[in-house]
Amino acid sequence: MSSTENAAGPAQLQPEPEPAESQAVTAEAGTAAAPTPGDAALADPTAAAPGTTPQEATPQESAVAPAPGAAPEAAGSDPARWGRVDEDGTVYVRTAAGERAVGSWQAGDPAAGLAHYARRYDDLATEVSLLEARLRAHTGNPSEIKAKAQALAESIPSATAVGDLDGLAARARAMVGTADSAAAESRAEKAAARAAQIARKEALAAEAEQIAAESTSWKAAGDRLKAIVEEWKTIRGIDRKTDEALWSRFAAARDAFGRRRGAHFAALDAQRGEARAAKQELIAEAQRLSTSTDWGATSAAMRSLMDRWKAVPRTGRDGDDDLWKQFRAAQDVFFSARAEQDRARNAEQLANQHRKEELLTEAEKLDPTTDLRGAQNALRRIQERYDAVGHVPRGAMRQLEDRMQAVEQRVRGAADTSRARVAPENPMVTSMRQAVAKAEEQLGKAEAAGDAVRIERARADLTTRREWLAEAERSTSRR
């Protein structure tokens with residue numbers, strides 16, 4: 001065995017068949033664009049780190065751009081540039097220190113042997129490129145990346161691979177030198193992200209404090225506080241002490257809002273309780289008045305109850321509706337009874353109107369020109385019956401009185417014509433007629449007001465004045 005073979009060591013063994021995916025590696029696979037399956041679990045180096053431009057995070061550029069000292073051409077593009085296979089199958093790699101045997105290829109074409117060892121180099125280059133991308137994108141722990149880069153820098157010079165091992169090792173050493181600054185940048189980015197998250201929670205806490213101090217839109221404010229809690233849960237990356245202090249602010253604001261809302265509704269419940277008691281008293285009073293037949297006074301009292309009811313605050317939709325139904329039912333009892341009484345009175349007055357109309361028709365048939373004395377006596381009897389008839393509808397009263405006065409004037413005119421000298425009507429009779437008309441007017445007003453006391457008093461006054469008028473007319477006619 002030659003010295004070269006001894007230097008190659010175990011790599012002189014025949015290479016085992018490559019997996020399908022290794023056999024598919026082409027000459028262009030010596031870049032980070034063709035990672036091995038084992039690298040699939042690494043963090044995505046394509047995500048732009050905070051504070052970087054999209055160009056700095058472009059995966060193609062980060063994967064192929066060589067570090068300082070690296071060859072401008074990828075090793076896999078021309079394995080023969082970095083190694084060779086001699087006649088006995090020993091594979092050599094060229095480095096700055098000279099050629100070094102890395103293994104043996106006995107499987108056939110020397111170019112295939114170089115490609116095999118170039119793929120090993122490609123694997124190392126891919127690992128270095130991924131670490132560089134992670135370091136630039138700040139997607140990993142800089143200390144861990146530094147340790148891996150240090151291990152690669154130490155192992156690459158003696159690796160059994162064909163490629164620019166010196167340049168690849170220099171790239172690994174460069175990462176070791178820049179890891180500390182990358183760590184500082186990573187810490188700054190994390191601090192900025194932490195500050196942004198703290199600012200978000202401080203804004204939410206301040207909003208909750210404003211709601212607790214000012215809001216009276218109880219449902220909307222309560223819903224907003226619930227939404228703040230859900231949003232709060234999504235904000236992470238804050239140290240525990242700061243997070244607990246911010247949560248204490250929010251929780252205190254939420255509790256203050258809850259106490260203020262509770263006090264508001266407690267006061268509202270108390271107010272509603274007072275309003276309910278007041279309305280129940282009004283209902284009881286309305287129920288006591290519902291059976292009254294003092295129509296005028298009770299109508300006024302019912303109107304007063306309605307005004308007092310409107311002045312009492314509401315007790316809530318359902319409770320207020322039930323109380324209103326009770327109150328209205330008590331009023332309906334009274335007003336229905338009054339309406340029934342009005343209908344009965346109107347029917348009686350209508351019947352009285354018909355009776356007076358019949359008497360007027362009878363009076364209008366009298367002919368004082370043929371039998372003055374008989375007409376006078378007949379008219380007097382008709383008037384007595386006319387006055388004995390009760391009240392008539394107010395609207396018909398004036399018409400009936402006008403018809404009666406027309407008959408009286410016709411009979412009186414015939415009497416005056418039969419006298420040798422026409423004497424004027426007695427002033428006392430005229431005054432009494434005016435007094436009767438005024439008494440009738442007062443009775444109409446009392447009936448319109450529904451005041452029973454005034455009605456009775458007006459009726460008595462009218463009856464008395466009509467009797468006086470009749471007596472005065474009889475005295476005058478006897479002269």
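This short presentation covers the sheet, the nonpolar cores and the aromatic contacts of the structure shown above.

Good morning. Please bear in mind throughout that this is a predicted model.

I begin with the sheet. The sheet is open and has 3 strands, in the order β1-β2-β3, with antiparallel pairing. β1, residues 83-85, and β3, residues 98-104, are the edge strands; each has a single partner, so one side of each lacks a neighbour in the sheet. From one strand to the next, the twist averages 25 degrees.

Let us take the two pairings in turn. β1 and β2, the latter spanning residues 90-95, run antiparallel and are joined by 3 bridges. In this pairing, Arg 84 is found opposite Tyr 92 of β2. Between β2 and β3 there are 6 bridges, again in the antiparallel sense, and here Val 93 stands opposite Arg 100 of β3. The connection from β2 to β3 is a hairpin through 2 residues.

What lies across these strands? Helix α4, residues 110-137, lies across β1, β2 and β3. Its direction is at about 140 degrees to β1.

This brings me to the nonpolar cores. In soluble globular proteins, nonpolar side chains tend to be buried together. In this model, the largest nonpolar core contains 29 residues, and the members touching the most others are Val 91, Leu 152, Ile 156, Val 162 and Leu 168. At least two residues of this core come from each of β2, α4, α5 (142-155) and α6 (165-214). The largest share, 8 residues, is supplied by α4. Helix α4 thus enters the picture twice: it lies across the sheet, and it provides the largest share of this core.

Leu 152 merits a closer look. Which residues does Leu 152 touch, if those up to four places away in sequence are not counted? They are Leu 124, Glu 127, Val 128, Leu 131, Pro 157 and Ala 172.

There is also a second, separate core, of 18 residues; among its members are Leu 225, Ile 228, Leu 246 and Phe 250.

I close with the aromatic side chains. How many aromatic pairs does a search of the whole structure find? The search finds 10. Trp 218, Phe 257 and Phe 265 are linked into a cluster by ring pairs. Finally, Tyr 386 has a charged partner over its ring: Lys 356 lies over the face, at 4.3 Å from the ring centre.

Thank you for your attention.

Terms used: Residues are numbered from 1 along each chain as its sequence is written. This is a predicted model: local features need pLDDT of at least 70, side-chain atom pairs count only at pLDDT 80 or more; totals for chains, interfaces and linings use all residues. Side-chain values use heavy atoms; hydrogens and water are left out. Two strands pair if DSSP finds at least two bridges between them. Helices (H or I, at least four residues) and strands (E, at least two) are DSSP runs, numbered from the N terminus. Axes are lines fitted to C-alpha atoms, for helices over the stretch in contact, and angles run from 0 to 180 degrees between N-to-C directions. Contact means heavy atoms within 4.5 Å. A nonpolar core is a set of buried Ala, Val, Leu, Ile, Met, Phe, Trp, Tyr and Cys residues joined through side-chain atoms within 4.5 Å. Buried means under 20% relative accessible area, exposed over 50%, partly exposed in between (1.4 Å probe, protein chains only). Rings of Phe, Tyr and Trp (its six-membered ring) pair if their centres lie within 6.5 Å; planes under 30 degrees apart count as stacked, over 60 as edge-to-face and the rest as tilted. A charge sits over a ring if NZ of Lys or CZ of Arg is within 6 Å of the ring centre and within 35 degrees of the ring normal.
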